[in-house]
Structures are given as structure tokens and as C-alpha cells.
Amino acid sequence: TQESSFSGEQEEITKEEKDFLLKLARQTLELYLTEGKAPQIEVAKLSENLKKKKGCFVTLNKRGSGLRGCIGYIFPVKPLYESVIENAISAAVRDPRFPPVNYEELKDIRISISVLTVPQELEFSSPEDLLNKLVPYRDGVVLQTKYGSSTYLPQVWNDLPDKKLFLSHLCTKHGAPPDEWTKPGVKVLIYRAIVFKEQGFGGEEN
């Protein structure tokens with residue numbers, strides 16, 4: 001079943017590992033935005049979990065204005081610590097939706113990291129069947145159409161709780177018509193995410 005095939009992968013990331021990765025992302029941004037380089041890591045001192053290849057996204061939220069950058073790898077292509085360094089830099093300066101972050105903004109930015117399970121294809125027989133099988137707030141979704149592909153992390157359900165709207169937005173995200181998810185030949189992959197973030201700004205969520 002879909003459930004059991006995920007469970008082995010969802011090994012917990014310890015609080016120490018989460019803290020390390022959030023600090024690493026913060027240090028990376030501070031160093032990159034001042035000196036244009038990434039931190040050097042003593043790999044021998046890292047836990048095995050941090051050296052495993054995992055899919056990972058880094059999201060930057062700015063006080064008062066919300067999303068400020070979000071970039072990542074859906075598939076496990078690099079060790080987790082490397083993914084966090086690369087994606088922190090990319091989220092800050094390479095997200096095409098935003099101008100590059102500058103150093104002055106960092107004090108108003110909160111970092112969150114999503115570590116992903118390996119995406120698995122979701123079998124479905126019709127658009128209705130797809131809607132029935134998607135689980136909001138749990139499933140990250142990759143939608144592949146003839147126009148390309150795009151993904152939303154599980155936390156995007158907070159903004160788009162309606163399944164049809166969620167899928168329509170995923171279509172337009174990669175340039176497909178909003179109803180393309182209802183057409184034959186569409187492929188859907190789902191994944192889970194362990195999400196952890198820096199503490200908020202004086203109790204503010206965003």
C-alpha cells in the first residue's frame with residue numbers, strides 16, 4: 001500500500017539535526033550575502049542522517065510580506081547538508097519570482113526547511129479518483145503534464161485547501177491550462193515532508 005511504502009523512509013530527524021540544519025542555512029546566507037561564498041563543512045563530524053541523499057527545500061519568509069524565496073530538489077540528488085547549503089543560496093538569490101535578497105533583509109527573514117521522502121507515483125483512474133486519493137496537508141504533489149511539471153510542498157495546502165484549486169494552480173505554475181490535470185496522460189507523484197523552521201518573529205506566524 002501507499003502508506004507502508006512511505007513509512008520506512010520517514011525516519012525521524014533529531015532535534016539536534018534540525019537545529020544544525022537551520023543554523024547551517026542561516027550561516028550560509030550570512031556568508032554568501034557578505035562574501036559570496038558557501039561555508040566549509042567538516043563532513044567527518046556530521047551524523048549519518050545529514051550525509052544521506054535526500055530531497056529538500058529551503059523556504060524564506062519575510063516579516064510582513066510572506067514568501068521571499070523557495071527552491072529545492074524533489075529527488076534525493078545530494079547529501080542533505082549540501083542540499084540545504086545550495087538551496088538556501090538559491091532561495092535567496094535565484095528564485096525567479098523575487099529580486100535577490102540583500103543582507104539587510106536577513107534580520108526579517110525566517111528560514112524553514114522541508115526534508116522529503118522519495119516521490120512515488122499515485123495510480124488513479126479518473127480526475128474524480130485523483131481527487132479522492134489526494135490527502136490535503138499530508139501529500140506533497142508533483143504534477144507532470146505535456147507542458148512540463150511543477151510541485152507544491154504539503155504546507156501549500158494551508159493556502160489552497162480546495163483540491164481542484166490546488167491542482168489548477170499546479171497546472172498554471174508550469175504554464176499548463178488550469179484544467180490540464182483533468183486530461184488523459186497526466187502523471188502525479190506524491191511525497192511527504194518533515195518541515196521545521198526557525199522560531200517566529202515575536203509570535204507572528206509569518
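Helices (H or I, at least four residues) and strands (E, at least two) are DSSP runs, numbered from the N terminus. This is a predicted model, in which local features need pLDDT of at least 70, side-chain atom pairs count only at pLDDT 80 or more, and totals for chains, interfaces and linings use all residues. Residues are numbered from 1 along each chain as its sequence is written, and side-chain values use heavy atoms, with hydrogens and water left out.

**View 1. The whole chain, with six helices and eight strands.** Following the sequence, you meet them in the order α-α-α-β-β-α-β-β-α-β-β-α-β-β. The chain is as compact as a globular protein of its length, because its radius of gyration (taken over C-alpha atoms) is 18 Å, close to the 17 Å that the globule rule (2.2 Å times the number of residues to the power 0.38) gives for 206 residues. Its C-alpha trace spans about 50 × 35 × 35 Å along the principal axes.

**View 2. Strand S3, covered on both faces.** Here we look at residues 109–116, where eight of eight residues are buried (under 20% relative accessible area, 1.4 Å probe, protein chains only). One side carries Ile-109, Ile-111, Ile-113 and Val-115, and the other carries Arg-110, Ser-112, Ser-114 and Leu-116.

**View 3. The neighbours of S3 in S1 and S8.** Strands count as paired if DSSP finds at least two bridges between them. S1 (residues 55–62) pairs with S3 in the antiparallel sense over eight bridges, and Asn-61 has Arg-110 as its bridge partner. S8 (residues 193–197) also runs antiparallel to S3, joined by five bridges; there, Ala-193 stands opposite Leu-116.

How values were computed. Buried means under 20% relative accessible area, exposed over 50%, partly exposed in between (1.4 Å probe, protein chains only).
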